[in-house]
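Subject: Structure handover

Hi,

Here is the structure I promised to pass on. Have a look at it first, and my notes follow below.

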Amino acid sequence: MKLLMQLSEMQHFTPNEQSIASYILSQRERMLHCNIQELAQVTYTSHSAINRLTRKLGMTGYKEFIITLAREFQQSTQNGFNHVDANYPFGVGESTLQVAAEIADLMKETISKNAAILDDGVLSQTALLLNQADRIFIYALGDSQIRAKSFQNKLIKINKYAIIATELSEWAHHTINVTSRDCAMFLTYHGKSLNYMKAARHFKRESIPFVTITATPQSELAKWSTLCLQVANDEEKFTKIGTFSSQIALEYVLNVLFSCIYNMDYAKNKQTATESLQKFAMSDMMNDI
């Protein structure tokens, strides 16, 4: 597993280790010129705490840690990415146009990264599974539920109906009513919801297909899934200005999925949309859509 991903997930980290990891993730470029004494000072920890963390990450010590960190930065550069910090994409005192340019760079870089890691086979199978399902039950909370509603809205326009299972806290009722002819979908950047695990266990027992879209494909939820689509893991869970990168990534992948579904029966879906517009016009509802 990549070093930055391990730092972001903070699995089994102590409070001191979480503090160190948060600083590293929020000050990535500065870290390449930071010695162990300076890191201990700015994180109010100790040399031994930092060394314990580096060993927990599979490193022999701080020196190997910094070398590995630099290598990950270099690999990203070779892939054509500009290293926009997804957690702090703009700095203090920048002009409005500077902020605008950096957010634009973040959006472009996020989409490019996620396009690069999409797996053709998994993407095709996921689109087919969703297209064939009688109903699609989407599990999403917080900002991810906004992305789910956008996906739901697009599907409605081609006469496919998705249900936001986590809306109004009705996820348990929806879960027990999902059948093997349906498909469930989990939208979760870090994939650690206990309720999601309860639902996933039920789906496994009942042989109900489900898809997970996540930045942590090694999570238990992802491993249980029928199919898993990975998004880039660029955001630290606790230290960030906003959920810019994660939500751009989820929106992009969902837009791609919708487009693939649409493309499976392009003529029919186009006709459905045209006929709907004609019916709206005939029923005096054009101004309400």
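The crossing of H9 and H13 is right-handed, so let me start there, keeping in mind that this is a predicted model.

**H9 against H13**

Helix H9 covers residues 143-156 and helix H13 covers residues 244-264; the two pack at an angle of about 20 degrees, with axes 10 Å apart. An angle under 35 degrees counts as roughly parallel, and H9 and H13 are therefore roughly parallel to each other. If you want to select the contact in your viewer, H9 contributes Asp143, Ser144, Arg147, Ala148, Ser150, Phe151, Lys154 and Leu155. From H13, pick Gln247, Leu250, Glu251, Leu254, Asn255, Leu257, Phe258 and Ile261. Sorted by class, that contact holds eight nonpolar, four polar and four charged residues.

**H8 against H13**

H13 also packs with helix H8 (residues 120-132): their axes come within 9 Å and cross at roughly 65 degrees. That makes H8 roughly perpendicular to H13. The crossing of H8 with H13 is right-handed. On the H8 side the contact uses Leu123, Ser124, Thr126, Ala127, Leu128, Leu130 and Asn131. The H13 side supplies Val256, Leu257, Cys260, Ile261 and Met264. By class there are nine nonpolar and three polar residues in the contact of H8 with H13, and no charged ones. Leu257 and Ile261 are worth a click, since they appear in the H13 list for H9 and also in the H13 list for H8.

**The whole protein**

Stepping back, the protein has 14 helices and five strands. Its C-alpha trace spans about 70 × 50 × 35 Å along the principal axes. Of its 289 residues, 46% count as buried. If you look at contacts with a separation of 6 or more, 68% of them come from residues 24 or more positions apart.

**Two glutamines in H9**

Back in H9, I looked at a couple of side chains that are not in the list facing H13. Gln145 is in this helix, and it counts as buried because its relative accessibility is 17%. Beyond its neighbours within four places in sequence, Gln145 is in contact with Ala140, Ile164, Thr166 and Glu167.

Gln152 is in H9 as well. With a relative accessible area of 17%, Gln152 is buried. Leaving out residues up to four places away in sequence, Gln152 touches Ala162, Ile163 and Ile164. Ile164 therefore turns up for Gln152 and for Gln145. For a longer-range pair, Gln152 and Cys228 are 76 residues apart in sequence, with 19 Å between their C-alpha atoms.

**H2 and H5**

Ile24 sits in helix H2 (residues 15-26). How buried is Ile24? Its relative accessible area is 1%. Not counting residues up to four places away in sequence, Ile24 touches Leu7, Met31, Leu39 and Phe65. The C-alpha atoms of Ile24 and Leu69 are 9.9 Å apart, for a gap of 45 residues along the chain.

In helix H5 (residues 47-56), the buried residues are Ala49, Ile50, Leu53 and Thr54. Looking down the axis of H5, these buried residues fall within an arc of 135 degrees, so they line one face of the helix. Just after H5 comes Gly58, with a positive phi of about 90 degrees.

**Backbone angles to check**

Most residues other than glycine have a negative phi. Two residues here go the other way. Tyr44 has a phi near 55 degrees, positive although the residue is not a glycine. Tyr44 is in the loop between helix H4 (36-42) and H5, and it is exposed, with a relative accessible area of 76%.

The other one is Asn159, whose phi is positive too, near 65 degrees. Asn159 belongs to the loop between H9 and strand S2 (162-164). At 52% relative accessible area, Asn159 is exposed.

That's what I have for now.

Cheers

Technical notes:
Residues are numbered from 1 along each chain as its sequence is written. This is a predicted model: local features need pLDDT of at least 70, side-chain atom pairs count only at pLDDT 80 or more; totals for chains, interfaces and linings use all residues. Side-chain values use heavy atoms; hydrogens and water are left out. Axes are lines fitted to C-alpha atoms, for helices over the stretch in contact, and angles run from 0 to 180 degrees between N-to-C directions. Helices (H or I, at least four residues) and strands (E, at least two) are DSSP runs, numbered from the N terminus. Angles under 35 degrees count as roughly parallel, over 145 as roughly antiparallel, 65 to 115 as roughly perpendicular and the rest as oblique. A crossing is left-handed if the near helix is turned anticlockwise from the far one by less than a right angle, and right-handed if clockwise. Contact means heavy atoms within 4.5 Å. Ala, Val, Leu, Ile, Met, Phe, Trp, Tyr, Cys and Pro count as nonpolar, Asp, Glu, Lys and Arg as charged, and the others, Gly among them, as polar. Buried means under 20% relative accessible area, exposed over 50%, partly exposed in between (1.4 Å probe, protein chains only). The arc is that of the directions from the helix axis to the C-beta atoms.
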